[in-house]
Amino acid sequence: SLPNAERYALQYVDGRQTYITELNRGEIKNGSILQLTTSPDQEAERLYSGIQSNNSDLKTDSLKKLANLSQDVTFAQEFINRNGLKQIFHIVEEGNELLTCRYVPVTPHAGSRGKGHILAHTLKAFMELMEHDFVSWETLSAAFIKKIVSYVNMNVVDTSVQQLSLSILENMVPTSRLLFELVKKEVTLDRLLTHLQVTNAQLQLKAMALLIALLLAATDAERRDMMDYLREKNIRQFIHKNIIHSSEPLGDEMAHYLYVLQSVSLNLCERRMRTSMDPYSQEQRELLQSLRQTAFESESEAPASNFSTERRRSLCAKEFRKLGFVNNSNPAEDLRRAPPGLLALDNMVYFSRHTPNAYSRFVLENSSREDKHECPFARSSIQLTLILCEILHVGEPCSETAQAFYPMFFGQDHFFEELFCICIQLVNKTWKEMRATQEDFDKVLQVVREQITRTLSLKPTSLELFKTRVNALNYSEILKLRQTERLHQEETLAVPVLELRKRLKPELLELIRQQRLLHLCEGTLFRKISSRRRQDKLWYCRLSPNHKVLHYGDVEEEVHSPPIESLPEKIPVADMKMLLVGKECPHTKEKSSGKQNKDVLELAFSIVYDVEDYCLNFIAPTRYEFCLWTDGLNVLLGKEMTSERTQTDLDVLLSMELKLRLLDLENISIPDTPPPIPKPPSNLNFCYDFS
């Protein structure tokens with residue numbers, strides 16, 4: 001009955017204010033608040049005119065609204081169809097706005113009508129429009145790209161403009177080789193390092209994101225040159241001091257970028273790791289001979305010139321045997337296996353040159369033994385290099401979501417080689433503790449692997465701390481840990497204990513169910529992951545205290561635990577039909593045309609609800625959250641909890657309960673009342689006086 005009905009549309013009031021169309025009308029939930037507004041095509045036409053206005057206020061308001069509405073795919077399509085992107089390109093390329101930006105105060109209280117704000121809204125709108133993938137990044141003009149680059153390279157610019165410019169370049173780099181080369185040429189590493197040194201955490205994050213994008217898009221040779229330059233500029237020390245140990249907590253995205261930087265740096269070892277030794281290479285033979293000469297030069301230097309060729313060859317073979325090579329007559333054969341290839345030779349040479357005293361002590365101490373307990377240096381070094389490559393994932397591609405970096409990596413140049421120097425001395429120490437012979441070689445290296453992995457799991461902040469902890473975890477400590485595990489297994493397999501476990505299990509499972517539901521009531525912050533960017537918008541989901549309704553909705557970055565009233569969307573638990581995980585989820589099937597991301601698949605789950613089989617799709621921030629949420633949803637659906645976390649928690653609770661039940665309490669009086677609380681101290685001056 002509304003005249004000119006085609007000029008109007010319904011739109012959600014809350015959240016992203018999406019327009020209602022024939023495609024999404026079925027997703028409207030009971031209780032959703034809608035408003036009648038102008039249709040997307042009318043609004044697109046109005047804003048298209050507004051952004052061309054000479055009135056600064058109207059232009060700013062139009063760009064601000066454009067940036068907001070461009071999140072909606074229907075509006076974005078209408079605006080792009082009107083050649084709206086061309087007008088945005090014109091505003092950016094014109095560049096007049098920025099020229100006056102340096103005279104605009106860039107404080108939080110700066111006027112919203114400043115020229116810098118016009119540009120910020122323009123760039124934000126451009127980012128949102130490009131997010132829908134209607135237009136290829138490769139179609140951007142050179143003038144537009146150079147203007148974006150200029151905003152990154154200028155010193156006096158509104159920080160919001162620089163952040164958006166860095167984000168645009170980050171998204172641009174992976175799309176084509178041509179764009180990568182253009183950005184790499186125009187935005188120097190020195191400029192990115194300057195942005196990394198600012199106090200603005202968001203600007204720092206965007207600069208790191210662009211740096212990582214450039215590294216990942218580069219060829220192996222380019223990546224090596226870039227990393228060499230960054231090493232010259234002491235980027236590791238800066239990151240270690242000002243990012244890892246800053247007063248601000250490290251965010252998930254920055255942790256991911258540090259993990260990628262660590263992986264890229266360690267993967268520079270891959271080429272040497274996969275290269276076998278060439279016995280005809282003069283350079284490689286000289287490196288090999290330097291190991292022998294450094295260890296035995298005082299023994300062989302003087303008389304060597306008087307020996308015949310055959311005698312010298314025999315002497316060299318004897319010395320290579322003392323060094324621990326299996327093929328002492330032709331030690332190059334020991335280094336033909338790849339991995340670890342030439343990386344093992346590099347590590348041995350580094351150890352001999354940078355810690356000559358420790359190297360000589362290791363070799364001479366073992367070469368002079370005649371009790372069959374000598375530790376073979378070369379054989380141990382080759383196997384240890386392989387173990388370190390496996391532990392540190394050298395040669396493996398970077399995960400798109402992982403955040404597990406080692407803080408000590410950024411506190412040390414030549415990290416891999418220095419770690420080897422510590423661990424090869426650990427091999428010798430453990431060998432002596434185990435009183436090992438050649439037959440025990442594999443057992444010793446297995447213990448060493450366990451010592452290294454257990455110590456790395458503690459995330460030591462420096463190599464010195466790693467060295468202290470790994471040496472404290474000696475063979476006797478490893479034996480105690482293994483004995484404890486063995487006793488635990490034997491105890492839990494006894495028949496009476498199994499019967500007791502069976503009786504306790506239902507009660508403890510109920511405890512786990514309650515914990516899972518409590519976690520759902522507290523809620524979790526989820527990220528929406530788009531096809532191009534690793535992380536995008538945030539949304540929050542939580543269960544009502546009466547366990548009857550799931551509440552969810554979009555939230556801002558700084559909101560950590562929004563109240564239920566602020567979450568507009570609802571799903572009654574009674575309407576939930578089933579839980580889907582991994583490849584069964586619709587949001588993972590939609591992306592099947594591209595490369596499937598194993599990490600995302602492991603964290604994806606969906607709730608199917610209502611008679612129309614709608615889906616609410618999740619990607620958990622961690623595996624721990626995935627387990628708790630899938631368990632909690634299964635409890636709400638009246639099904640068994642199936643995650644690995646359930647089994648782990650059940651084992652821990654059963655172990656504790658069994659130990660309490662099996663305590664020998666004979667002749668021990670158990671008090672009926674708890675012990676008294678001690679009196680408070682006479683004063684509370686516990687602070688150490690640093691003066």
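1. A good place to start is His 195: a polar atom of its side chain lies 2.8 Å from the backbone oxygen of Val 152. Please keep in mind that this is a predicted model, where local features need pLDDT of at least 70, side-chain atom pairs count only at pLDDT 80 or more, and totals for chains, interfaces and linings use all residues. Residues are numbered from 1 along each chain as its sequence is written, and side-chain values use heavy atoms, leaving out hydrogens and water.

2. His 195 belongs to helix H10, residues 189–196 (helices are DSSP runs, H or I, of at least four residues, numbered from the N terminus). With a relative accessible area of 3%, His 195 is buried (buried means under 20% relative accessible area, with a 1.4 Å probe and protein chains only). Beyond neighbours within four places in sequence, His 195 is in contact with Val 152, Gln 162, Leu 203, Gln 204 and Ala 207 (contact means heavy atoms within 4.5 Å).

3. Now to the interior. The largest nonpolar core has 150 residues, and Ile 239 and Phe 466 are among those with the most contacts inside it (a nonpolar core is a set of buried Ala, Val, Leu, Ile, Met, Phe, Trp, Tyr and Cys residues joined through side-chain atoms within 4.5 Å). Helix H21, residues 415–434, gives the largest share of this core, 12 residues. A second, separate core of 39 residues includes Cys 521 and Leu 658.

4. And the cysteines? The count is 0 disulfides (pairs of cysteine sulfur atoms within 2.5 Å). Cys 423 is buried at 0% relative accessible area, and its sulfur is 9.4 Å from the closest cysteine sulfur, in Cys 421, too far for a bond.

Note on methods: Buried means under 20% relative accessible area, exposed over 50%, partly exposed in between (1.4 Å probe, protein chains only). Helices (H or I, at least four residues) and strands (E, at least two) are DSSP runs, numbered from the N terminus. A polar contact is a pair of N or O atoms within 3.5 Å; within protein, one must be able to donate a hydrogen and the other to accept it, and residues adjacent in sequence count only if both atoms are side-chain atoms.
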